[in-house]
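Biologist: I am new to this structure and would like a close look at a single part of it. Could you take me through one sheet and the strands and helix that belong with it?

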Amino acid sequence: MRDLVQLTTSISEYGCSIEGSGDFSVSDHKQLIQNNEPDFGILFDVDGVLARGSTPLSAAVQAARLLQDSQGNLKVPVAFVTNACNRSHDKARQIQDWLNIKVTPDMVIHAPTPARMLKEFHTKHVLVIGQEHRKEIAEDLGFVNTCTIEDVQEAYPLLDMVNHENRKAVANGTFLDDPNFPRIEAILLIGEPIVWETHLQLLIDLLLTEGKPSSPPESMSKVKQLPVIACNMDLVFMHQACMPRFGHGAFLVCLEALYKKITGHELEYTALIGKPCEITYRYAEHVINDVAKMIGIKRPIVKLYFIGDNPNVDIVGANLYDRYLKEVWQNRDNGNFTTNSLPKSRLIPNESDLYEQTVRSMKSLLVGTGVYKQDTKKSTAEDAEVYHGHRDITNEPELTKPSQFVPDVLHGIRHIFEVENYCYLNT
Ligand SMILES: [Mg+2]
C-alpha cells in the first residue's frame, strides 16, 4: 500500500495519466517504468536557462532533480548546447556543480564542437582564430596541424602595418619572411579575437594569396578562396553592461565587408557551425543518442526538445532543424537518402561516426529567465525589423516563435513530461 501511495503521489506530481484502474502492485510499478522508457531527449541552452553568468538558477536545480532517479542517475537523455567557447571539460564540471548531476565533457556542445565532423580539414595546416585556449580547443576537436595569428605575424613580419609600432620596428631593422613557413590550408574562426585590425589585415592577406602571402596575387578578384570555417555567428551578446556587446558575428561582418570591398566577391564559408545552424543540432542529436545508450535506453530517440532563452538563436535553430528533419524524412520516404535544400555553408557532412539519424522532430521551449522577456514583447517585435542574423541565414521572423513559452526551465521539464505522458517514478 505504501508503494501504491508513493506511486500515486509521483504520478500526480508529474501530471501523468495511467489508463485503467484498480490496485497497482509493485510489479505493475516496475512494468510501468520499463514501458515508460523515454523516446525523447532534451537539449538545454546554458546561460539564461540554467544559470545567469556563473550563478545557477534555482528552477534549474529543481528541474535537474526531475531528470534523475533516487540514486542520482539520469533517466532522460540530456545534453547542453552553448555558443560560448570554453573547453568542454571546464563547462561540464561547472554544470555538474550547479545541477548536481553527472555531466561528461561529451555532453557539452560548444559552438566549435561540430567541427569534429569536418574531418577533411583535421590534418590540414589550419590557422585558428580566437582567444585563450584556441589551439587546445582545435586540437580537442581533432585538428592536428594548427597555427595562430602570432605564428603568421612572425613568419611574415612586413604584413602587419596597421600597428604603427611595427612600422617603427621594421624601419629600424631587417625583417624577412620565413620561406619555410607552410602554406595555410584553411582558416578556423573559433571566436572573436583581440586586436581586430591585425587579424583583419592578415586574414585578408591569406585569403588573397591562397594561404601563402609571400608574393602578391596576380588578380585580387580571381584568387581561389581558402576554406573558411566559422563557429558562432552571434552578432551581439548580453553581459554585465547596460546594452549588448559585440560577439563573434560582429567580427565576421567586418571580415565579409572587407573581403567583398577588396575582391568584389562574397566571402564564402565552407562551414558555419554553432547555433542556429543545423549541423550543431545534428551533432546534438548524436550526443543525445550517445547519452541514451549510456543510461540504458533501448528505444530509438525520435523527438528532441530544445529549451532556450534566445528566440533568434536557440528557437530559430530548433525550428530550422525541425524543418530540416521534415525534409530529410520526406525524402527518405520517397527513396532519396542524399539531398536536401540547405545552403552550401550549412550543409551537414555525411559522417559515418555519428549515430544513425532517428529523430523525426524537434520542439522548442522558450524560457523567460534570460534574453527574452515577455513584458518587452512589443519592443522586441519592433527591434526584430532589424535583422541581426547571419548573411547565410534568411530572415524569417516566424522561426523565432517557440512551440511553447514557459516561465523557466522547471516549468519546461514539467511541460515536456506532460506532453510525453512521461511518468518518472523515483526508484
Ligand atoms: Mg542563452
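Modeller: A good place to begin is the pairing between strand S1 (residues 40-44) and strand S13 (residues 303-308), which run parallel and are joined by five bridges. Within that pair, Ile-42 stands opposite Tyr-305 of S13. What you see is a predicted model, and the chain averages a pLDDT of 88, with 88% of the residues scoring at least 70. Residues 1-22 call for caution, as their pLDDT is below 50, although this stretch has 23 contacts in the model beyond near neighbours in sequence. Where pLDDT is low, the predicted coordinates should not be read in detail.

S1 and S13 both belong to an open sheet of six strands, whose order is S5-S4-S1-S13-S14-S15 and whose pairing is parallel. At its edges lie strand S5 (108-109) and strand S15 (404-406), each of which pairs on one side only. Strands of a sheet pair through backbone hydrogen bonds, either parallel or antiparallel.

Following the order from S1 towards the S5 edge, we come to strand S4, which is joined to S1 by three bridges and runs parallel to S1. Here Leu-43 has Ala-79 in S4 as its bridge partner. S4 in turn pairs with S5, again in the parallel sense, over two bridges, and Phe-80 stands opposite Val-108 in S5.

S4 (residues 78-81) also deserves a look from either side of the sheet. In a regular strand the side chains alternate between the two faces of the sheet. In S4, Val-78 and Phe-80 lie on one side, while Ala-79 and Val-81 lie on the other, and these four residues are all buried, with both faces of the strand covered. Two of these residues have already appeared in the pairing: Ala-79 as the partner of Leu-43, and Phe-80 as the residue opposite Val-108.

How, then, does the chain pass from S4 to S5, and what is the handedness of the unit they make with helix H4? Helix H4 (residues 88-99) makes a β-α-β unit with these two strands, and the unit is right-handed.

To place this part beside another, the model also contains an open sheet of five strands, with the order S7-S6-S8-S9-S12 and parallel pairing. The edge strands of that sheet are S7 (146-147) and S12 (271-273), each pairing on one side only. There, S6 (residues 126-129) runs parallel to S7 and is joined to S7 by two bridges, with Leu-127 opposite Cys-147 in S7.

Terms used:
Residues numbered from 1 in each chain as written. Predicted model: local features only at pLDDT ≥ 70, side-chain atom pairs only at ≥ 80, totals over all residues. Pairing = 2+ DSSP bridges. pLDDT = per-residue confidence, 0-100. Contact = placed C-beta atoms within 7 Å. Buried ≥ 20, exposed ≤ 12 C-beta atoms within 10 Å, placed from the backbone. Right-handed = clockwise from strand over helix to strand, strands pointing away.
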